[in-house]
Amino acid sequence: MKRLISQYLFLILGGAIILLGMVFAGINFLNHNPVNDRVVISVPGAKEVFLKAGKHHVFYEFDSKHLNLGVLQLKKEEKFNNISSLIAVKIVKVSDNKEIVLAKDSSMNFTFNDTRGESLYSFEIVEEGDYRVEISPTIELPKAITFSIVGDLANSLLGVFKHAGIVVSMSIPFLLIGWYMYAREARRQKLLTR
C-alpha cells in the first residue's frame, strides 16, 4: 500500500493543484466579472457614473431568447440593425467637462440571462472619477432601447488565463516527480515479474 501511495502521490498532488487552481480562477472571474458591474442606460437618457482608469466598452443590449424544442432550436432576437447610426453617444468628465473620445469597436459581446450585448464603442479612461454618459436617438425610435457601460472584459478574461498558467506551472514539478516515480515503480514491477 505504501508503494502504491508513493507511486501516485505526486501525480495526485499535481492534479489537485491544477483542479483547485482552475476552480479558484473561475470563481474569481465570476465574482469580478465586469458584466455584473455594468451600468445600464435607457435611451434617451443620461447618467452620472464613476469609472475606473482603463478601457471600457459601450454595449447595445437587446433580448435574445433561445428555444430548444429537441430537434428544432429557435433563436429570437429583438434588435435594431446598424444601431450606431441611430444614436449619439457622448461621455464627458464631470469635473472639467472634457469629452472622452469614442472609437468604433465591435470586437466584444456577452450574453447575460436572456440579454445579449454587442459592443459599439470603446474608450480609455486615464483618470478615474465621475463621468456623465449621454445617449440620445438621432431619429424617433419605435421602442425603448438599452445600452450599458462595461469595464475591460478582455482584460478580465486574460486574468483568468494568467491564473490558469500560474497554476499549471506550479503543478509541473509535482507532475514530473510523479511521472518519474510511477515509471520507476512500473519498471521495478516489470523486473520482478520476469
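I count a residue as buried when its relative accessible area is under 20%. The model I am reading is predicted.

**Entry 1. Aromatic residues**

I began with Y60 and F62. Both are buried. I then asked how many aromatic pairs a search of the whole structure finds. It finds three. Y60 and F62 make a tilted pair, with 5.3 Å from centre to centre and 40° between the planes. I checked Y60 against F147 next. Their ring centres are 5.5 Å apart and their planes stand at 40°, so I logged this pair as tilted. Where do the two partners sit in the chain? Y60 is in strand β3, residues 54–69. F147 is in strand β10, residues 145–151. The two are 87 residues apart, and the pair links distant parts of the chain. F147 is buried, as is Y60. I noted Y60, F62 and F147 as one aromatic cluster.

**Entry 2. The chain as a whole**

I stepped back to list the elements. The chain has two helices and ten strands. From the N terminus the order is α-β-β-β-β-β-β-β-β-β-β-α. I looked up burial over the chain: of its 194 residues, 32% count as buried. The exposed surface comes to about 12,600 Å². Carbon and sulfur atoms supply 60% of that surface. I also took contacts between residues at least 6 apart in sequence. Of these, 79% join residues at least 24 apart.

**Entry 3. V43 and the cis bond**

I went to V43, in strand β1, residues 39–43. Is V43 buried or exposed? Its relative accessible area is 8%, and the cut-off for buried is under 20%, so V43 is buried. I listed what V43 touches, leaving out residues up to four places away in sequence. The list is I87, I135, S136, P137, A144, I145 and F147. F147 also belongs to the aromatic cluster of Entry 1. I then compared V43 with K143. They are 100 residues apart in sequence, yet 9.4 Å apart in space, C-alpha to C-alpha.

I checked the peptide bond that follows. From V43 to P44 the bond is cis, with omega near -5°. P44 itself lies in the loop between β1 and β2.

**Entry 4. The three-stranded sheet**

I traced a sheet next. Which strands form it, and in what order? Three strands make an open sheet, ordered β2-β9-β5, with antiparallel pairing. The edges are β2 (45–51) and β5 (87–93). Each has a single partner strand, so one side of each is left without a neighbour in the sheet. From one strand to the next, the twist averages 20°.

I went through the pairings one by one. β2 pairs with β9 (residues 129–137) over seven bridges, in the antiparallel sense. β5 and β9 are also antiparallel, joined by seven bridges. I looked for residues standing opposite Y131 in β9. V49 is one of them. K93 also stands opposite Y131.

I checked how covered β5 is. It is mostly covered, with five of its seven residues buried. I kept one general point beside this sheet: in a regular strand, side chains alternate between the two faces of the sheet.

**Entry 5. N97**

I followed the chain to the loop between β5 and β6 (103–104), where N97 lies. Phi of N97 is near 60°. That is a positive value in a residue other than glycine. Buried or exposed, I asked of N97? Its relative accessibility is 58%, and exposed begins over 50%, so N97 counts as exposed.

**Entry 6. S119**

I finished on S119, in strand β8, residues 115–125. Its relative accessible area is 3%, so S119 is buried by the cut-off of under 20%. What does the side chain of S119 reach? It reaches the backbone oxygen of D105, at 2.9 Å. I then listed the contacts of S119, leaving aside neighbours within four places in sequence. They are H57, V58, F59, D105, S106, S107 and M108. D105 is thus in my notes twice, as a contact of S119 and as the residue whose backbone oxygen the S119 side chain reaches.

Technical notes:
Residues numbered from 1 in each chain as written. Predicted model: local features only at pLDDT ≥ 70, side-chain atom pairs only at ≥ 80, totals over all residues. Heavy atoms only, no water. Helix = DSSP H or I, 4+ residues; strand = E, 2+ residues; numbered from the N terminus. Buried < 20%, exposed > 50% of the residue type's maximum accessible area, 1.4 Å probe, protein only. Polar contact = N/O pair within 3.5 Å; in protein donor to acceptor, adjacent residues only side chain to side chain. Contact = heavy atoms within 4.5 Å. Phe/Tyr/Trp six-rings, centres within 6.5 Å; stacked < 30°, edge-to-face > 60°. Pairing = 2+ DSSP bridges. Axes fitted to C-alpha atoms, helices over the stretch in contact; angles between N-to-C directions. Areas by Shrake-Rupley, 256 points an atom, 1.4 Å probe, with all protein chains shown as cover.
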